[in-house]
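Trainee: I've got a two-chain model to go through and I'd like to quiz you on it. Can we start once it's on the screen?

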Amino acid sequence: MWEQSVGIKIFLGFVFLIVFAEMMLGSILLGKNFHEIFPEADAVEKFNGFILYGFALGFVVRLFMQKVPVLSIQPYLHLPVKRAALVNYVLGKSAFAIFNFFPILVFTPFIIFQMGSYYSGFQIATYVLLIFFSVYSVNFLALLFKRNLSGNNIVTLAVIAIAALLGLAEYFGVISITTISSLMFTAPLYNPVFLLVPLAVVFAAYLLNYRDLSRHLYPEDNLKLKKSSRRNVSDFSYLRNFGEIGNLMILELKLMIRNKRPKSTVVFIPIFLLYGLIFYPNPEMYGQNGWLLFVGIFMTGGVTLIYGQYLLSWESSYFDGILSHIDDFNLYFKAKHNLLVFSTVLSFVLTLPYAWFGTKILLINFIAALFNMGVSSVFVIWMSTNNKKRLDLSKGAAFNYQGVSATQFLVSFPVMLAPLLIYLPFWAFGYYDSGLYAIGIVGLLALIFNKPLLKIAENRFMERRYEIGEGFRKK
Amino acid sequence: MIETFELTKQYNGETVLNLPGLKINKGEAFGLVGNNGAGKTTFFRLILDLIRPSAGEVKINGEDVAQNPQWKKITGSYLDDNYLIDFLSPEEYFTFIAGVYQLPKGDLEKFYQEYEPFFNGEILGRKKYIRDLSRGNQQKVGIAAALLPKPEILILDEPFNGLDPSTQIRLIALLNNLRETTETTILISSHDLKHVTEVSKRIVVLHKGGVYKDIIKTDNMLKELEAYFTA
């Protein structure tokens, strides 16, 4: 399906171009007309108020997307290369990350239009340096964070929680980050001494990174981190009574629990369950069936979508074993289907408290769950036969994009859209409730007839097993 | 028992394997040797239906391996660490394999007893996952798992690689015993001429994907092979 990946690349490139052009346009417009948008306040002060938020956003985006530069030091250790040179090289490379150039886009028009005429050249230079130091501070701080903490799910959730709390605090007027931000970035304009602060931060962040990398130059240090932790995980022995399917299901559960990457993927599911809190309290905006349906599908189908799209890739490291041992792939896929269905049921049970917002929501979530159990599960299984890239399960964290290709995002769309498509004709003719029931019936039917549906996926797998195996073998 | 029919495999237009009619009989102890790239692993992968032939087929007991998966229930194999489920402990892995082959309950216990010398205290009861074992021990686990179901066909790809000397000797003893006391069809590939001649009764030398020599064991076999590889 080589053409597919080229097509997707073109599509993505196109999207990127459009986004880029819009950003350019937006920043130019912003720069030009900023004082018109906020006529009461001094333009520069007001603008500076937002910078902190901008950097915070940048920080979060970097956590997701910035690659931590890693140089496998071992091949170079015995060469006459100074350790310092190696580390500085690795860190220096990171300075060229594209994220560090985005601020130029945003700041340049503003500086030209809003500040050019009012501030002296010296002040503008100071401002530019200020931004420069700040951007690179964020850069290195993000790297520090990623390298040390991104594998730790608790920390990740804590960061998100803190960010949310700060946002709420601002919203309710408890503290004003904008004021702080404004002060931070305006003060140096009048007193260049303050420039030393971001300068110090950059230095500190760089040095911390330096120390971090240098510490891990010796392979033994990394070996110490390898704990062969053997917690007493339940054996799921009750599943053993279900024969071969049980055997396979046990394996999959162990896979989810004992490996960093699937574990951190699943850990994010509770966040999905909270989605309802965004939508349900606003019945005026989101009260129609269409929205409620969307939320329901998302919440009950989170595991299916997130875990299911890599369904086969999770087992890529021992796939040859699977291929040579499993003679009945019907059972193999049935086991996976069972797990997806169970997870949907579990998710639904966890959304029961939302009944507080009304029984209609309960009904819709139930219908959404039915749809996910019947349709989404088999669809995701079918789509997983496209899996081709090997996944390293030990590289943890949600911030790891190994093996991700654009196709993964495309999987979620049909699943989300399908129920809405079914609903559409009913909605057009005003049969709102019947539309909902129709979706539920479709889900139920798919669940009842899952055997032939799974067979379709199984057949596709059998056709593609060689390509899949070969892709997984490539390290 | 295992037979190839006009079996070929090409990568990027280059033929890496060509076996028009190779026959391996039941109970045979079959050794496969050849330099790197000769096609040994490719051949095993084709037998195990892990890759698709460019042409032809492999049949086990008269059935095309790609069409009928019945051979999987009577075959035990270990090629490389793409077999190992590294987040399981060895015991869990063996239990899983036993489940897949639907072995009766007592078999696992007997297996642990039988293979205690082979494991040498380094595998069982260590409270470690397979990914935390050394490569040599991982290899041991893989080989043992292939033998666990007491298969009719045993396929091991370069099993002596990475094993320490004691284990190598134990493995040879194990395989010889298997050869002499059972009807197991044993397929071994190896870079180690000495080991492979000790274990096999028949040796095929692969050269650039084709059969160069197909010889039944003689006392001179080792010398003959060494001569070939010196050239």
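Trainee: In which sense do E7(B) and strand E8 of chain B pair?

Mentor: Keep in mind that this is a predicted model. E7(B) covers residues 75-78, and E8(B) covers residues 153-157. One link to look at is Gly76(B), whose bridge partner in E8(B) is Leu154(B). Over four bridges, the sense of the pairing is parallel.

Trainee: Which residues of strand E7 of chain B are buried on each side?

Mentor: In a regular strand, side chains alternate between the two faces of the sheet. Here both faces of E7(B) are covered. One side has Thr75(B) and Ser77(B), and the other has Gly76(B) and Tyr78(B).

Trainee: What about E9(B): is it enclosed or open?

Mentor: Strand E9 of chain B runs over residues 185-189. Thr185(B), Leu187(B) and Ser189(B) are buried on one side, and Ile186(B) and Ile188(B) are buried on the other. Five of the five residues are buried, so the strand is largely enclosed.

Trainee: Which residue of E9(B) is the bridge partner of Ile155(B)?

Mentor: E9(B) pairs with E8(B) in the parallel sense over five bridges. It also pairs in parallel with strand E4 (residues 29-33) of chain B, over four bridges, and there Gly31(B) has Ile188(B) as its bridge partner. For Ile155(B), the partner in E9(B) is Leu187(B).

Trainee: Which elements do the buried residues of H6(B) pack against?

Mentor: Helix H6 of chain B takes in residues 135-147, and 11 of its 13 residues are buried. Among them are Val141(B), Ile143(B) and Ala145(B). They pack against E7, helix H3 (90-100), helix H5 (116-119), E8 and helix H7 (165-181) of chain B.

Trainee: How far apart are the end C-alpha atoms of H6(B), and what should the helix span?

Mentor: Use 1.5 Å a residue for the 13 residues, and the helix should span 18 Å. The model agrees with that, because the end C-alpha atoms are 19 Å apart.

Trainee: Over in chain A, how many helices and strands are there?

Mentor: Chain A has 475 residues, of which 33% count as buried. Take its contacts between residues at least 6 apart in sequence: 83% join residues at least 24 apart. As for elements, the tally is 22 helices and zero strands.

Trainee: Where does H19(A) bend?

Mentor: H19(A) covers residues 359-384, and its 26 residues should span 38 Å at 1.5 Å a residue. The end C-alpha atoms are 35 Å apart, which agrees. There's a bend of about 40 degrees, and its position is Asn372(A).

Trainee: Why is H19(A) called largely enclosed?

Mentor: Count the buried residues: 21 of the 26, so the rest of the structure largely encloses this helix. H19(A) also gives the most to the largest nonpolar core. Its share there is 15 residues.

Trainee: Which residues have the most contacts inside the largest nonpolar core?

Mentor: That core has 123 residues. Ile47(B) is one of the answers, and leaving out residues up to four places away in sequence, it touches Ile2(B), Val58(B), Val65(B) and Ile155(B). The full list for contacts inside the core is Val378(A), Ile47(B), Tyr93(B) and Ala145(B).

Trainee: How many residues of each class are on the side of chain A that touches chain B?

Mentor: The contact takes 23 residues from chain A and 25 from chain B. On the chain A side, helix H11 (243-258), helix H17 (319-325) and helix H22 (450-473) each supply at least two residues. By class, that side has seven nonpolar, eight polar and eight charged residues.

Trainee: Is Ile245(A) buried or partly exposed?

Mentor: Ile245(A) is in helix H11 of chain A. Leaving out residues up to four places away in sequence, Ile245(A) touches Leu331(A), Lys334(A), Ala335(A) and Asn338(A). Buried would need 20 or more C-beta neighbours within 10 Å. Ile245(A) has 17 inside 10 Å, so the label is partly exposed.

Trainee: Last one: how far apart are the C-alpha atoms of Pro69(B) and Asp49(B)?

Mentor: Pro69(B) lies in the loop between strand E6 (63-64) and helix H2 (71-74) of chain B. Pro69(B) is partly exposed, with 17 other C-beta atoms within 10 Å. Pro69(B) and Asp49(B) are 20 residues apart along the chain, and their C-alpha separation is 8.9 Å.

Definitions and conventions. Residues are numbered from 1 along each chain as its sequence is written. Chains are lettered from A and ligands numbered from 1 in the order in which they are written. This is a predicted model: local features need pLDDT of at least 70, side-chain atom pairs count only at pLDDT 80 or more; totals for chains, interfaces and linings use all residues. A residue is buried if 20 or more other C-beta atoms lie within 10 Å of its own, exposed if 12 or fewer, and partly exposed in between; C-beta atoms are placed from the backbone. Two residues are in contact if their C-beta atoms, placed from the backbone, lie within 7 Å. Two strands pair if DSSP finds at least two bridges between them. Ala, Val, Leu, Ile, Met, Phe, Trp, Tyr, Cys and Pro count as nonpolar, Asp, Glu, Lys and Arg as charged, and the others, Gly among them, as polar. The expected span of a helix is 1.5 Å times one less than its number of residues. The bend at a residue is the angle between axes fitted to the seven residues ending there and the seven starting there. A nonpolar core is a set of buried Ala, Val, Leu, Ile, Met, Phe, Trp, Tyr and Cys residues joined through C-beta atoms within 7 Å.
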